[in-house]
Amino acid sequence: MSIKVENLSYIYMKDTVFEHKALDDVSFEIKDGEFLGLIGHTGSGKSTLIQHLNGLMKPTSGKVFIDEDDINSKTTVKKTIRERVGLVFQYPEHQLFEETVFRDVAYGPKNLGLDDNEIENRVRFALDMVKLDYNEIKDISPFDLSGGQKRRVAIAGVLAMKPKILILDEPTAGLDPRGRDEILGEIKELHETHKITVILVSHSMEDIAKLVDKIIVMNKGKIVFIDKPSVIFRESLMLESIGLGVPQATKLARELKEKGLDIGECLSIEDAKLQILKVLRSKKND
Amino acid sequence: MTNMIKTESVKHEYTSHTGKSIMALNGIDISIEKGEFVAILGHNGSGKSTLAKHFNALLLPNSGTIMVKNIDTKNEEMLWEIRQIAGMVFQNPDNQIVATIVEEDVAFGPENLAVESKEIRKRVDEALKAVDMYEYRKHGPHLLSGGQKQRIAIAGIIAMKPECIILDEPTAMLDPSGRKEVIDTIMKLNQEEGITIVLITHYMDEAVNADRVYVMEDGMLVMDGTPKDVFSQVEKMKSLGLDVPQVTEICHELRKEGIKLPADILTVEEMVVELCRLK
Amino acid sequence: MIKDITIGQYIPADTPVHNLDPRSKIIITFVFITALFLVNTFFGYIYILAFMGIALGLSKISPKYLFRGLKPLVFIIVLTAILNIFMTEGEIIYKLWKLTITKEGLIQAAFMCIRLVFLITGASLLTLTTSPIALTDGIEKLLNPFKKIGVPAHELAMMMTIALRFIPTLLEETDKIMKAQMARGADFESGNMIARAKAMVPLLVPLFISAFRRADELAMAMEARCYRGGDKRTRMKQLKFEMRDIYASIITIAFGGLIIWSRF
Ligand SMILES: Nc1ncnc2c1ncn2[C@@H]1O[C@H](COP(=O)(O)OP(=O)(O)OP(=O)(O)O)[C@@H](O)[C@H]1O
Ligand SMILES: Nc1ncnc2c1ncn2[C@@H]1O[C@H](COP(=O)(O)OP(=O)(O)OP(=O)(O)O)[C@@H](O)[C@H]1O
Ligand SMILES: [Mg+2]
Ligand SMILES: [Mg+2]
């Protein structure tokens with residue numbers, strides 16, 4: 001499923017002294033099956049933008065298309081958009097409310113009007129995707145779970161809608177390193193096995209570099225860059241000037257290159273290891 | 001050297017509402033020196049926050065003792081002295097700001113300590129300058145960024161003239177620039193004012209600056225040492241559900257391939273120097 | 001939507017009105033409102049207008065901003081007008097089926113609406129120029145004499161401060177949870193009363209949990225900052241009557257006198 005955004009602008013508290021333009025003439029396109037990263041400093045408009053992609057916010061001007069459907073036209077039913085575009089908010093565990101994990105995850109499918117059989121299938125599927133054991137966990141109260149498990153249940157609540165496009169707003173905030181890697185791994189797997197289009201908002205350049213195919217960089221409500229990670233992270237000075245950075249591995253490669261080592265671009269630990277080994281070994285053979 | 005905080009076999013047990021009991025701290029012996037910058041790491045639920053709350057008598061141990069500047073935290077008469085000596089900053093900036101104006105919030109602590117009003121004014125101004133937020137003194141806190149709010153929270157503690165500040169994941173909800181603001185502020189307070197810092201965090205790169213790193217697991221301290229000692233044990237850190245800085249891991253991988261590098265590289269700069277030497 | 005309400009949002013500035021002791025301002029507002037209800041002729045409103053004008057001019061708040069605060073309350077004003085127009089008996093000037101418009105009705109409606117507008121703008125001038133903290137401080141101090149008869153002055157003031165502090169946070173939170181549930185297909189807008197009430201559960205449960213968590217964390221943070229009730233506390237900003245408070249009092253007394261005199 002594809003997303004097309006045309007000249008989107010949004011102004012908070014229009015016509016008051018607090019008026020603030022959070023999105024300023026934003027246009028881009030995302031193809032079916034892409035894994036996209038959205039980065040930008042605090043207040044650059046990331047959360048505002050993603051809420052426009054499933055119709056939770058109405059543009060001040062501009063249009064949003066999901067598979068050619070203008071989501072804000074009168075003929076489009078909002079529910080079908082929200083079924084297609086799943087949105088996981090920051091700290092999603094704060095939205096849990098049911099007495100059991102099963103019922104909480106089933107809330108979305110129920111709203112879609114599915115029958116009980118299908119609802120159960122969906123809950124199984126969703127809990128499975130976030131690596132929670134259905135039989136073990138379904139009757140437990142979500143409030144008795146650990147932080148990482150709560151986060152997973154909340155994400156499952158969105159996955160149970162079987163969205164074709166999944167948007168996550170900083171899904172790993174507050175988790176320890178292992179929890180972080182596990183959740184990101186599950187998202188990656190979902191993308192690969194189910195061919196879901198994923199948009200990931202994150203402040204961690206390391207995670208973005210490791211996972212995504214394409215990056216959108218935002219600054220003050222505008223898109224300043226859309227490109228492959230290898231291209232974006234080449235611009236470390238520009239990124240720093242707008243309050244962002246590059247992964248440590250990339251920084252290392254850049255500084256080594258400045259010292260005259262023949263090292264190409266690196267985005268991950270693995271890249272850096274191979275590149276450095278290559279350089280060191282070729283020196284030895286001289 | 002004098003002790004700031006010293007604990008002896010501290011145990012703490014919670015009873016959850018289902019009646020199950022959880023040993024959140026299971027025999028902690030730690031001694032933190034005056035002026036030290038200590039980082040505490042550990043996965044979710046390992047007991048870090050529980051330990052931190054023992055350092056200023058927000059929680060009392062089931063057994064064992066905690067001495068803050070040689071005052072036993074069980075001594076109820078000294079409760080307010082202890083809390084004045086050891087201030088605490090929490091994770092969520094929104095839930096620790098009391099007042100609707102920045103300077104009023106910073107004044108909250110000294111007001112509770114019955115400091116005289118002229119002196120409070122002076123302390124508030126100094127504290128706001130120390131965290132570089134003086135120009136925001138008349139603002140409403142809800143209009144500030146996360147990093148700015150956390151600095152206000154730190155100013156609120158500094159105005160109480162503490163000797164030690166305990167920060168429980170102060171950067172967890174912030175973006176990279178907000179995190180940097182907070183960490184720079186902490187480092188400055190440690191180096192220039194000599195305030196003892198206890199920093200709890202999930203970000204390994206923040207712990208790199210500490211004098212000493214402790215790692216917790218299931219209510220116990222399982223590792224301690226300088227950042228170099230601790231982070232050079234890459235496999236062990238990973239087995240504890242933690243991480244190491246990316247360069248340290250690259251270095252570790254290269255060493256496995258037989259490249260002769262020191263194990264304890266923590267920064268990009270060190271790594272560049274070492275690799276250039278090999279070349 | 002909820003955030004568009006500007007009534008009562010403090011605008012910091014350095015003007016004689018802002019700098020007045022909150023106690024003076026509370027008492028002046030009190031006198032002003034009493035006077036407003038004492039006025040019984042249109043001519044009497046001139047004094048009110050003059051008083052308001054002086055206060056507004058000194059406070060440097062733009063009249064436009066003040067009047068925008070009326071927006072959410074337009075409904076109440078219109079309702080007052082309509083009720084007065086149609087319910088007052090007297091000389092009929094227009095008749096539509098059973099509804100009659102009388103001359104007295106029109107006059108009465110205009111009179112009441114002006115009173116309402118002055119009431120709202122007067123009260124919002126107080127909150128626009130007084131920080132919530134100062135306001136609660138003022139209330140605390142004014143209530144202090146009643147402590148002896150069991151009025152918990154400090155606790156009331158503290159509760160008000162915290163409520164004011166957390167209103168924006170909780171509004172934001174409500175908005176966020178609502179959107180999160182809408183993203184899961186929730187529908188808060190359609191259906192009958194029962195269906196709508198039911199649809200609120202997924203909003204209210206997380207909201208309560210979050211409010212309790214916040215309260216818990218805030219209590220912990222306050223304790224960590226040595227809060228132990230109001231007894232031994234000192235204050236950074238001590239309330240002090242100054243010359244300007246005396247001037248303001250004189251003007252207010254003169255104003256009150258004028259109003260009473262105008263009734264005869
Ligand atoms: N409800 C609101 N009312 C007024 N202004 C708002 C509101 N929500 C956001 N803003 C403003 O709009 C801008 C963009 O906010 P947004 O939340 O989209 O940023 P973000 O990129 O998601 O930031 P973060 O990384 O902190 O999540 C910010 O300047 C913010 O202050
Ligand atoms: N008030 C409480 N009642 C019952 N159990 C609790 C309470 N607070 C914490 N626990 C439990 O005690 C253990 C230690 O919790 P603690 O909050 O100290 O961990 P932590 O290391 O700070 O974790 P995190 O990284 O998630 O903040 C956990 O198993 C937790 O579930
Ligand atoms: Mg955001
Ligand atoms: Mg904790």
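Begin by selecting strands S1 and S2 of chain A, which run antiparallel and are joined by 7 bridges. The model is predicted: local features need pLDDT of at least 70 and side-chain atom pairs count only at pLDDT 80 or more, while totals for chains, interfaces and linings use all residues. Residues are numbered from 1 along each chain as its sequence is written, chains are lettered from A and ligands numbered from 1 in the order in which they are written, and side-chain values use heavy atoms, with hydrogens and water left out. Strands (E, at least two residues) and helices (H or I, at least four) are DSSP runs numbered from the N terminus, and two strands pair if DSSP finds at least two bridges between them.

**The sheet of chain A**

Select A:Ile3 next. Its bridge partner in S2(A) is A:Ile30, and in S4(A) the partner of A:Ile3 is A:Ile66. Extend the selection to the whole of S1(A), residues 3-12, and S4(A): these strands pair in the antiparallel sense over 5 bridges.

From A:Ile66, step across to A:Asp69, which stands opposite in S5(A). Strand S4(A), residues 61-66, is paired with S5(A) through 2 bridges, again antiparallel.

With these strands displayed together, the order S2-S1-S4-S5 can be followed across an open sheet of 4 strands with antiparallel pairing. S2(A), residues 20-30, and S5(A), residues 69-70, stand at the edges; each has a single partner strand, so one side of each is left without a neighbour in the sheet. When colouring side chains, note that in a regular strand they alternate between the two faces of the sheet.

**Ligand 1**

Now select ligand 1, which lies between chains A and C. A shell of 14 residues surrounds ligand 1, the closest being A:Gly43, A:Gly45, A:Lys46, A:Ser47 and A:Thr48; a residue is near a molecule if one of its heavy atoms lies within 4 Å of it.

Polar contacts (pairs of N or O atoms within 3.5 Å) may be displayed next. A polar backbone atom of A:Gly45 is 2.9 Å from an oxygen atom of ligand 1, and a polar backbone atom of A:Ser44 is 3.2 Å from an oxygen atom of ligand 1. At A:Tyr12, a polar side-chain atom lies 3.4 Å from a nitrogen atom of the ligand. On its own, ligand 1 has 640 Å² of accessible area, of which the protein covers 71%; such areas come from the Shrake-Rupley method with a 1.4 Å probe.

Which elements of chain A should be highlighted around ligand 1? S2(A) and helix H1(A), residues 46-52, each supply at least two residues of the shell, and H1(A) gives the largest share, 3 residues. By class, the shell has 3 nonpolar, 9 polar and 2 charged residues; here Ala, Val, Leu, Ile, Met, Phe, Trp, Tyr, Cys and Pro count as nonpolar, Asp, Glu, Lys and Arg as charged, and the others, Gly among them, as polar.

**Ligand 2**

Move to ligand 2 and its 13 surrounding residues, of which B:Asn44, B:Gly45, B:Lys48, B:Ser49 and B:Thr50 come nearest. Two backbone contacts involve oxygen atoms of ligand 2: B:Gly45 at 2.8 Å and B:Gly47 at 2.9 Å. A polar side-chain atom of B:Glu169 is 3.2 Å from an oxygen atom of the ligand. The protein covers 64% of the 630 Å² of accessible area that ligand 2 has on its own.

In chain B, strand S2 (21-33) and helix H1 (48-54) are the elements that give two or more residues to this shell. H1(B) gives the most, with 3 residues. The class counts around ligand 2 are 3 nonpolar, 8 polar and 2 charged.

Terms used
A polar contact is a pair of N or O atoms within 3.5 Å; within protein, one must be able to donate a hydrogen and the other to accept it, and residues adjacent in sequence count only if both atoms are side-chain atoms.
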